[in-house]
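Here is a short set of exercises to work through at your own pace, with the model open beside you. Try each task before you read its solution.

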Amino acid sequence: MALSDEPAAGGPEEEAEDETLAFGAALEAFGESAETRALLGRLREVHGGGAEREVALERFRVIMDKYQEQPHLLDPHLEWMMNLLLDIVQDQTSPASLVHLAFKFLYIITKVRGYKTFLRLFPHEVADVEPVLDLVTIQNPKDHEAWETRYMLLLWLSVTCLIPFDFSRLDGNLLTQPGQARMSIMDRILQIAESYLIVSDKARDAAAVLVSRFITRPDVKQSKMAEFLDWSLCNLARSSFQTMQGVITMDGTLQALAQIFKHGKREDCLPYAATVLRCLDGCRLPESNQTLLRKLGVKLVQRLGLTFLKPKVAAWRYQRGCRSLAANLQLLTQGQSEQKPLILTEDDDEDDDVPEGVERVIEQLLVGLKDKDTVVRWSAAKGIGRMAGRLPRALADDVVGSVLDCFSFQETDKAWHGGCLALAELGRRGLLLPSRLVDVVAVILKALTYDEKRGACSVGTNVRDAACYVCWAFARAYEPQELKPFVTAISSALVIAAVFDRDINCRRAASAAFQENVGRQGTFPHGIDILTTADYFAVGNRSNCFLVISVFIAGFPEYTQPMIDHLVTMKISHWDGVIRELAARALHNLAQQAPEFSATQVCVLIEKLSLSKMPFRGDTVIDGWQWLINDTLRHLHLISSHSRQQMKDAAVSALAALCSEYYMKEPGEADPAIQEELITQYLAELRNPEEMTRCGFSLALGALPGFLLKGRLQQVLTGLRAVTHTSPEDVSFAESRRDGLKAIARICQTVGVKAGAPDEAVCGENVSQIYCALLGCMDDYTTDSRGDVGTWVRKAAMTSLMDLTLLLARSQPELIEAHTCERIMCCVAQQASEKIDRFRAHAASVFLTLLHFDSPPIPHVPHRGELEKLFPRSDVASVNWSAPSQAFPRITQLLGLPTYRYHVLLGLVVSLGGLTESTIRHSTQSLFEYMKGIQSDPQALGSFSGTLLQIFEDNLLNERVSVPLLKTLDHVLTHGCFDIFTTEEDHPFAVKLLALCKKEIKNSKDIQKLLSGIAVFCEMVQFPGDVRRQALLQLCLLLCHRFPLIRKTTASQVYETLLTYSDVVGADVLDEVVTVLSDTAWDAELAVVREQRNRLCDLLGVPRPQLVPQPGAC
């Protein structure tokens, strides 16, 4: 698909800019060489003035200006152009007007190419010093027509100052006549430099260059540096930035000082640095409204800071290694890997003292990052980077932390912009270590979308542009593995900025940063495909970006949701109406790429618009919103499982906001028609055969505001109670029961408590029904392919019980009846002793919240005093209830409280028979510790055993409890917990236990249950009397079970039991019994096995089992 062929309406400015940029940097060579040579050759003819002179100047300017963006193309031609012009200057016969014209041409070349490159071409022999000095001397500083001449001569003089000879050799005999002394060349140059530092034209800049080259000469610095610095500081002290002359003087002086401290040797400048810094502080430049002065102040401050610190390369810096694309590709073709980054964690000079002035310098640079002008912030950012490169690692990290403080929402856009520039400088210099990337990337992602409304426009374009620069710099600075954790976030943010940013420069900056990351990192998803579509020029058209390019990029799933989310959260509510319209159209296009996520975001939008109180009351758009919410809730079953919960929550939140804002007729009163329609429709949907539909509309009813529930509360609660009830046809609908419970609790919170108003609030007439529904769900142990889905229901039931109980305790505690409170506490205690860690922790939290609540205390809590001793408030925060090692030793203490014993023991039984090793171990140890403590108390042991049997009887044939219970019985019998009962023949405990075990395994085909039953029967042979004979009979029956595994296991365990309990059979037959058990192949045919089984029966003294004929058998 050729995206450029798609029609897209862009502004004329954008199209014109595209054309300019397309051809602005397409030159390959200096094509006007011949014309320029001819133009320079005719200068002698046109210098006299008039139209020809102006035409020549203007034509030369036009030619040179074409190369502003590619000035390097002039380099091969600079020498001959300069030679032609200097020939005119050095010709003694050239009139002054021609010389001035030649210097004007030289200045135009310098303006395009830059004086630093151009300076090297000036003649700078010893013989050139005095002629150039004489030319400068004869110039009139007040001649405003010849300022280019003075500027170029001062630059030429600065080059001649680099000759490697002492200036005193050029002076000769200074005493020409007795009593008259001629000034030395050194003094003449210094006098000229000082005089031009305070002029108002461009020559001031050249004078600063001259001073830096002159004062730092070895022969000059000894005699003139201190004097010049003293003159400069006096000028600064006397000048004020409030006057024009003061600004000019300070400008020249600051430029000169900055250049001296830049080019001078550290040992020469260090003695004066502290003095200059104090003087600079006294100037109070940050208070000036002159941008240039503030910039020069920052430039000088950073040069002073670098003077304080030893010049070195930080050993701790991050080094990526090979950063050249060509070199990278060459390494890959040779099969070599790029060198690993070298990160030294220790600084060789870590113990060096940092000079006192450094802290003041860094403080001023940090202030400069927040300056109102970009050039000042940019200079401060470069200063931060240079300074950090010479600091010890710990101090440099403090600087990084201070830079990150710029990214506070209390700071202005200027601080954000300066912070981005500083981070980019630090990153590209290797001074941002990978350990800081987590913090840095977080603020950069915020900066990429920074947009603050100010009056009729907004600020933040420069911040977003600088954030793109940071991403560009990071691509070059770091190894791919360092940025790998952030690839998804950075790539999505750059794509969003490249496509959806309002400003063309930001879109292009983001596209360039994305391209750099694709090339340098190679980890951005679908990078090449996106770049071919969203390149630098393609993103120039805003409409094309929003409506065409965005659709293409959204086709890649990594970017779809972030793009939609950005449109909803940032662009739909943008201050610019054009952007809002484009965002709406783009959202319509992208919704087809991710319909589920789009529906969620639209619901979020409805919620935000409703909360914003948009004036849509009575408008048909409200009907559309209501239909969309209802349709979303009705078709939740069509949504993928990973998006369903988010969409459901968004729709319910949108409904709550919509109803609260648009369906209230009078304060506290609903529109009757809307109330009737809404309640009736939602209650009907609670009977929908789709579980997810029930979930959605249950939560929707729970989210309704109080005025819509007024007069219909009983009807709504009845419908929700029906949802929470488990029936054969919807036994698997655990999620709908969970959401029904949540809805009931939320409705109770919404309507509150009010006596005698069952249709408007919670009261004595309906509270028992609500509690009944919630408590009924505490026994929901539904399981399916997903596992124990009943956990969701029980957790919601506990939370709802807690919320309702606390609500009643605050308003009308008399509504909480004693039997209800007891049942709540017991049910929650049971859940706190079960096997799922996170669920146990939640139950314990609910239990302790109810116990320790004191505003006012929950009434009728059983054994409150004992509970507060067992679970003191001081231990609540320190106990990790999800850890079995901490939870079970505490929860088993409740076994000593009669009210809680049954439920806690029931939970422990399930935990003991679980599958998790740590849960089994700690629950078993805790139970054994408790039983060990009651061995000397027959009454307590009898009570415990009775409770255990009661649990068995209540849960007979309930696989969830009976199998773990059999395992628990095996454990406690093996460890001799009931040895006291073995002294009595046919003890009631043993008799009843045997009867229950027989009923449990009768006709069972459950292997695990049968294996657990075998273990229990084997342990029961230690009980004397008829119990032993019946236990042996059951084991003999199992020796002929239909499953070979059961037969073999029974024989093996009986063998071990008889050896353990040697008094079970007589010594005369023991050897024969053991021989039969060990030598018989119990997995053989039943006819063979049955014969050996019968032999064992005879030896053990139990009757042989008789075959029961099958009904209808012939």
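A pocket here is an open set of grid points with protein on both sides within 12 Å along at least five of seven lines, and its volume is the space filled by probe spheres set on the points. Please keep in mind throughout that this is a predicted model.

**Exercise 1. Describe the second largest pocket: its volume, its lining and the character of that lining.**

Step 1. Start with the volume: the second largest pocket holds about 630 Å³ of space.

Step 2. Next, find the lining. It is made of 28 residues, and those closest to the pocket centre are Tyr115, Gln255, Gln259, Lys295 and Lys299.

Step 3. Now trace the lining back to secondary structure. Two or more lining residues come from each of α7 (115-119), α9 (147-160), α11 (203-215), α13 (244-263), α15 (291-308) and α18 (374-388).

Step 4. Finally, sort the lining by residue class: 12 residues are charged, 11 are nonpolar and 5 are polar.

**Exercise 2. Show that Arg61 and Glu58 form a salt bridge, and place the pair in the chain.**

Step 1. The general idea helps first: side chains of opposite charge can pair when their charged atoms come close.

Step 2. Apply the cut-off. A salt bridge needs a side-chain nitrogen of Lys or Arg within 4 Å of a carboxyl oxygen of Asp or Glu. For Arg61 and Glu58 the N to O distance is 3.5 Å, and the pair is a salt bridge.

Step 3. Locate the partners. Both sit in helix α4 (residues 51-65), 3 residues apart, which is about one turn of the helix.

Step 4. Check accessibility. Arg61 is partly exposed at 29% relative accessible area, and Glu58 is partly exposed too, at 42%.

**Exercise 3. Work out what Arg464 in helix α22 contacts, and whether Arg464 is buried or exposed.**

Step 1. Look for an acidic partner: Asp451 and Arg464 meet in a salt bridge, with 3.9 Å from N to O.

Step 2. Compare their positions. This pair links distant parts of the chain, 13 residues apart: Asp451 is in the loop between α21 (437-447) and β1 (452-454), while Arg464 is in helix α22 (residues 461-477).

Step 3. Look for a backbone partner as well: the Arg464 side chain reaches the backbone oxygen of Tyr450 at 2.9 Å.

Step 4. Settle the accessibility. Arg464 is buried, at 7% relative accessible area, whereas Asp451 is partly exposed, at 26%.

**Exercise 4. Follow the salt bridge of Glu735 outwards to its network.**

Step 1. Begin with the pair itself: Glu735 bridges to Arg786, and their closest N and O atoms are 2.9 Å apart.

Step 2. Place the two ends. They join distant parts of the chain, 51 residues apart, with Glu735 in helix α37 (residues 734-751) and Arg786 in the loop between α38 (764-776) and α39 (790-811).

Step 3. Add accessibility: Glu735 is buried at 12%, and Arg786 is partly exposed at 44%.

Step 4. Extend the picture. A network of salt bridges links Lys648, Glu735, Arg738, Asp739, Asp784 and Arg786. The model has 55 salt bridges by this rule.

**Exercise 5. How many disulfides does the model have, and where does that leave Cys283?**

Step 1. Count them: the total is 0 disulfides.

Step 2. Test Cys283. The nearest cysteine sulfur belongs to Cys279 and is 4.6 Å away, so the pair misses the 2.5 Å cut-off.

Step 3. Check accessibility: Cys283 is buried, at 10%.

Methods:
Residues are numbered from 1 along each chain as its sequence is written. This is a predicted model: local features need pLDDT of at least 70, side-chain atom pairs count only at pLDDT 80 or more; totals for chains, interfaces and linings use all residues. Side-chain values use heavy atoms; hydrogens and water are left out. Helices (H or I, at least four residues) and strands (E, at least two) are DSSP runs, numbered from the N terminus. Buried means under 20% relative accessible area, exposed over 50%, partly exposed in between (1.4 Å probe, protein chains only). On a 1 Å grid over the protein atoms alone, a cavity is a set of points where a 1.4 Å probe fits but cannot get out, and a pocket is an open set with protein on both sides within 12 Å along at least five of seven lines; lining residues have an atom within 4 Å of a point. Ala, Val, Leu, Ile, Met, Phe, Trp, Tyr, Cys and Pro count as nonpolar, Asp, Glu, Lys and Arg as charged, and the others, Gly among them, as polar. A polar contact is a pair of N or O atoms within 3.5 Å; within protein, one must be able to donate a hydrogen and the other to accept it, and residues adjacent in sequence count only if both atoms are side-chain atoms.
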